[in-house]
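User: I should like to understand how the terms used for a structure follow from their definitions. Please take me through the reasoning step by step.

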Number of protein chains: 4
Amino acid sequence: MRNETETETETETGSGSGSKKFPEADAAQPPDGFVHECSVRVRYADVDQMGVAYHAHYLRWFEVGRSEMFRSLGLPYREVEQRGVLMPVSEVFCKFVSGARYDEQLTIETRLDPAVRGGMKFDYRIFAGDRKQLVARGYTRHAFVDAGGKVVRPPAFLTEVLATAKTRKEAVG
Amino acid sequence: MRNETETETETETGSGSGSKKFPEADAAQPPDGFVHECSVRVRYADVDQMGVAYHAHYLRWFEVGRSEMFRSLGLPYREVEQRGVLMPVSEVFCKFVSGARYDEQLTIETRLDPAVRGGMKFDYRIFAGDRKQLVARGYTRHAFVDAGGKVVRPPAFLTEVLATAKTRKEAVG
Amino acid sequence: MRNETETETETETGSGSGSKKFPEADAAQPPDGFVHECSVRVRYADVDQMGVAYHAHYLRWFEVGRSEMFRSLGLPYREVEQRGVLMPVSEVFCKFVSGARYDEQLTIETRLDPAVRGGMKFDYRIFAGDRKQLVARGYTRHAFVDAGGKVVRPPAFLTEVLATAKTRKEAVG
Amino acid sequence: MRNETETETETETGSGSGSKKFPEADAAQPPDGFVHECSVRVRYADVDQMGVAYHAHYLRWFEVGRSEMFRSLGLPYREVEQRGVLMPVSEVFCKFVSGARYDEQLTIETRLDPAVRGGMKFDYRIFAGDRKQLVARGYTRHAFVDAGGKVVRPPAFLTEVLATAKTRKEAVG
């Protein structure tokens, strides 16, 4: 079963929402899991004297990717925190494949890893040139903690949203 | 003569373009000069432990404002540099009126100060809450320099674009 | 009366403390007011594709300057917050005089403006090349607010420290 | 053979130099390879609304670690670039173990992985509380490229410095 839908593209400014599978050609990506796409532009503030984005800024773009995914699911991360659950980054990995240049429009693909249970893991791929050039790929892992910093179980209000997201995709496919 | 047009809103991701005058109620803003509007969202990366955006990030938003203004004029700043002219910030001022909170959508209004000749000066106002709350206002001044850092005169390719921009607004109003 | 003392230099990493007057040659700087000096190094993360520090990073250096000044007074800003008083930046100005290059060691001079009463104002000068080249100068203004964001009067524990600082300088001069 | 020397601590501001082995208790760290230690302070600009350093800033601290290691070897990275060799980050990993809080003094341990040949790999550990609390650990991988972005072999001027560094350590141990 394939998910053919390619709805609106979520922009960094949050107008619209969309979900999209990674290209099938990429065998490294499992076929399931909710996937989201949005875009950002490389700013002067991001670029170093090599003429490409300084590597630390990719982590900010990962944040944009996962927070816009949350928003497209109807549960902005802001609301997650308002319900008393924080999701600090516990681990990050990024492989830099090619440089992102000033003023380029980048596409961020964010995929929720469905195999991770205790916390959450997001896989990212960042593309330039209208998705033709892979710029970077990586992941972040997140724990669920309460306001006191204690690790807690995945909150029901979040797991329900994720279950619905999966169902919605299957209904569409 | 008033410019009533309020076309599409330039988002940070660059889809669309627009120009818009500051509200007339603000007597501190002169009535002329090209004005542009775009929006950004406050990210977790931007917010400090007071729960509001760290003040230095406003300068990044000023950059977003003026670069999207350039783009809406048909002359992305990237092309300005490609033609050999750099426009480093020579001065910045910002007054912080109220705090910008996590995940808020901010509106950046950028106005080109028509009275400045040797370089360029941009005035900014940043709003939250659907433009109802002024978050910050400020300006940046810019010199024109060549690749060697020497101050040069305003390049003709830029002054012509700006003259056209003004004419276009008058034709519309 | 002159303050001849030039004790240890406060580094960004906080070892040691020092106070130092601005050079007398600079007539724009009033002769009194507590002055502090520390240093930072320009990192790759700070430099843009013009080969100089991106202008927003100077605001971070201003923060380093004033927080190390607080520390040298025996009252780290962390303790100010722990006592329930926050000092958000209400206004910032910076004039960029020359570019700070990668790996340069910069000297930050921070001077407390003694004329400001309701809040605090700090004047900064940033130098490169062993203090021979002025890179930037500017100021920040700060309000005193409580945890709820309400403006409060200058706290006694802070004004006492500042009074002592002035006395200490006079004893030394 | 153990390297007992613990010379001066390299501060972020670059005064002094030092080399130091990771504690032997950490079996995950091979016993050889040049190791360097320096320190940074967590600034307000670094901390998010959870009250801990935003994760992306750790990558800046990794940069501080490896650049101060280069400096302590007598070869500032600035000089590497001046000789025409760039070392962009090709991969980064970081595990966040505990939060770094505002104003904390962090110790950055940087270890050159001696097994990596084509490029360079640095392992980092960041500690708070006078090295008693592990805050984060990770690594960065770097390629050698020329000004045109083409991958080149490890430059002799760099490999010689590294060979000397190892010899020096053995002489000391």
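**Chains B and C, and what lies around them**

Analyst: Strand β3 (residues 89-96) of chain B pairs with β3(C) in the antiparallel sense over 5 bridges. The model is a predicted one, in which local features need pLDDT of at least 70, side-chain atom pairs count only at pLDDT 80 or more, and totals for chains, interfaces and linings use all residues. Residues are numbered from 1 along each chain as its sequence is written, while chains are lettered from A and ligands numbered from 1 in the order in which they are written.

User: What makes β3 of chain B and β3(C) a pair?

Analyst: Two strands pair if DSSP finds at least two bridges between them. Here there are 5 bridges, and therefore the definition is met. One bridge joins Phe93(B) to Phe93(C), its partner in β3(C).

User: How many residues of chain C are in contact with chain B?

Analyst: In chain C, 15 residues are in contact with 15 residues of chain B; contact requires that the C-beta atoms of two residues, placed from the backbone, lie within 7 Å. On the side of chain C that touches chain B, α1 (57-72) and β3 each supply at least two residues. β3(C) gives the most, with 8 residues. That side divides into 10 nonpolar, 2 polar and 3 charged residues. Ala, Val, Leu, Ile, Met, Phe, Trp, Tyr, Cys and Pro count as nonpolar, Asp, Glu, Lys and Arg as charged, and the others, Gly among them, as polar.

User: Why are the copies, chain C and chain B, said to be related as by a two-fold rotation axis?

Analyst: A turn of 180° and a shift of 0.0 Å along the axis lay chain C on chain B with an RMSD of 0.0 Å. The two copies are thus related as by a two-fold rotation axis. The superposition is by least squares on the C-alpha atoms of residues with pLDDT of at least 70 in both copies. In chain C, the C-alpha nearest the axis belongs to Phe93(C), 2.2 Å from it. The same surface serves both copies, since 100% of the contact residues of chain C recur in chain B.

User: Why is Asp103(C) called partly exposed?

Analyst: A residue is buried if 20 or more other C-beta atoms lie within 10 Å of its own, exposed if 12 or fewer, and partly exposed in between, with C-beta atoms placed from the backbone. Asp103(C) has 19 other C-beta atoms within 10 Å, and is therefore partly exposed. Its place is in the loop between β3 (89-96) and β4 (105-112) of chain C. Its phi is near 75°, a positive value in a residue other than glycine.

User: How do you know that the length of helix α1 (residues 57-72) of chain D agrees with its number of residues?

Analyst: Helices (H or I, at least four residues) and strands (E, at least two) are DSSP runs, numbered from the N terminus. The expected span of a helix is 1.5 Å times one less than its number of residues. For the 16 residues of α1(D) this should be 22 Å, and the end C-alpha atoms are 23 Å apart, which agrees.

User: What makes α1(D) largely enclosed by the rest of the structure?

Analyst: Of its 16 residues, 15 are buried, so α1(D) is largely enclosed. Just after α1(D), Gly74(D) takes a positive phi of about 85°.
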